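Reader: I'm new to this and I'd like to know how people get from a pile of atoms to words like "buried" or "edge strand". Can you take me through it?
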Amino acid sequence: MAEQASGVNWTQFWGTTYGKSHGAMQQRTAEHKALMSSMTASAPSEFSDEQTPSEKPAVVFVLGGPGCGKGTQCARIVDTYGWVHLSAGDLLRAEVASGSPDGEMISNYIKEGKIVPVEVTCNLLRKAMETSGKKNFLIDGFPRNQDNYDGWNRVMGEAANVAMVLFFDCPEDEMRKRLLGRAETSGRTDDNEATILKRFRVFQEETMPVIEIFDGAGKTRKIDATRTPDAVFEDVKALVEA
């Protein structure tokens, strides 16, 4: 795993859309600090770097292109092994829906077209892990880029053991066919030809380099996702039970 970053890259957090004036920078920084302070204060402190490896929560990151079937496999792992399935996007939406002050501030970021700071997402993941009462976690679709990866290291450090990355490998032609088939019944607005191609490009440009980082650390486990869900799950079980 990469070493923790020594500081926060504010420009990266806010993206290219935030105000360029000094006053706008001060306002954004104050908002970010207020949100991070609030979320950190409200989160339990069950996890720590001082825990032994056996005491630390075990995390499996689940990655793959859109339509690779990782959602189906996560559901099967939960049903079979009782692991906790976490999605960064679901946690952000749940926090907004809760009506909490944190959720309201996150909603404001989204409404104004700003990037939600990665440490906010990571703190939501950490909070969900700490309040679950469990020790084994599947984190779905994360880290999807270098910023996510660096943010995880800053927030979690050595407090969790990243056991492996399940990479569901599937050719784009097959994923496209699955997504277009799903579009006939799902009603999802992102299941259309143009958006699918953009999602493929983002995955290749942003997520594959992260998978390669984990591969270099001996963490990536590549699974052929072109097969039936039952056949794929046989490989998943072998890895989980190893």
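**How the labels are earned**

Author: Sure, let's begin with a helix. In helix 5 (residues 101-111) of this predicted model, Asp102, Gly103, Ile106, Ser107 and Tyr109 are buried.

Reader: How do you know that these buried residues are on the same side of helix 5?

Author: Their directions from the axis cover an arc of only 155 degrees, so they sit on the same side of helix 5. On the other side, Pro101, Glu104 and Lys111 are exposed. The general rule helps here: an α-helix has 3.6 residues a turn, so residues three or four places apart point the same way.

Reader: And what follows helix 5?

Author: Gly113 does, and its phi is positive, near 75 degrees. For background, most residues other than glycine have a negative phi.

Reader: Why is Lys177 called exposed?

Author: The cut-off for exposed is over 50% relative accessible area. Lys177 has 54%, so it counts as exposed. You'll find Lys177 in helix 8 (residues 172-186). Here's a fun one: Lys177 and Gly67 are 110 residues apart in sequence, yet their C-alpha atoms are 8.6 Å apart in space.

Reader: Then why is Thr220 called buried?

Author: Buried means under 20%. Thr220 comes out at 13%, so it counts as buried. Thr220 lies in strand 5.

Reader: What makes the side chain of Thr220 a partner in polar contacts?

Author: The limit for such a pair of N or O atoms is 3.5 Å. The Thr220 side chain reaches the backbone oxygen of Ile211 at 3.1 Å, and the backbone nitrogen of Asp215 at 3.0 Å. Both distances fit within that limit. Leaving aside neighbours within four places in sequence, Thr220 is in contact with Val165, Phe167, Ile211, Phe214 and Asp215.

Reader: Strand 5 belongs to a sheet, I guess. What is the order of the strands?

Author: The order is 2-3-1-4-5, in an open sheet of five strands with parallel pairing.

Reader: What makes strand 2 and strand 5 edge strands?

Author: Each of them pairs on one side only. Strand 2 covers 84-87 and strand 5 covers 220-224. From one strand to the next, the twist averages 25 degrees.

Reader: How do you know that strand 2 pairs with strand 3?

Author: Pairing takes at least two bridges. Four bridges join strand 2 to strand 3 (residues 136-140), and the two run parallel. Leu86, for instance, stands opposite Ile139 in strand 3.

Reader: Which helix packs on the sheet?

Author: Helix 9 (residues 193-216) does, touching strand 1 (58-64), strand 4 (161-169) and strand 5. The direction of helix 9 makes about 135 degrees with that of strand 4.

Reader: Why is the peptide bond from Phe142 to Pro143 worth a look, and what is its omega?

Author: That bond is cis, with omega near -5 degrees. In general, most peptide bonds are trans. Pro143 lies in the loop between strand 3 and helix 7 (146-156).

Reader: What about the chain as a whole: how many helices and strands are there?

Author: Ten helices and five strands. The chain has 242 residues, and 43% of them count as buried. Take contacts between residues at least 6 apart in sequence: 78% of those join residues at least 24 apart. The accessible surface comes to about 12,300 Å², with 50% of it belonging to carbon and sulfur atoms.

Methods: Residues numbered from 1 in each chain as written. Predicted model: local features only at pLDDT ≥ 70, side-chain atom pairs only at ≥ 80, totals over all residues. Heavy atoms only, no water. Buried < 20%, exposed > 50% of the residue type's maximum accessible area, 1.4 Å probe, protein only. Arc of directions from axis to C-beta. Axes fitted to C-alpha atoms, helices over the stretch in contact; angles between N-to-C directions. Contact = heavy atoms within 4.5 Å. Areas by Shrake-Rupley, 256 points an atom, 1.4 Å probe, with all protein chains shown as cover. Polar contact = N/O pair within 3.5 Å; in protein donor to acceptor, adjacent residues only side chain to side chain.
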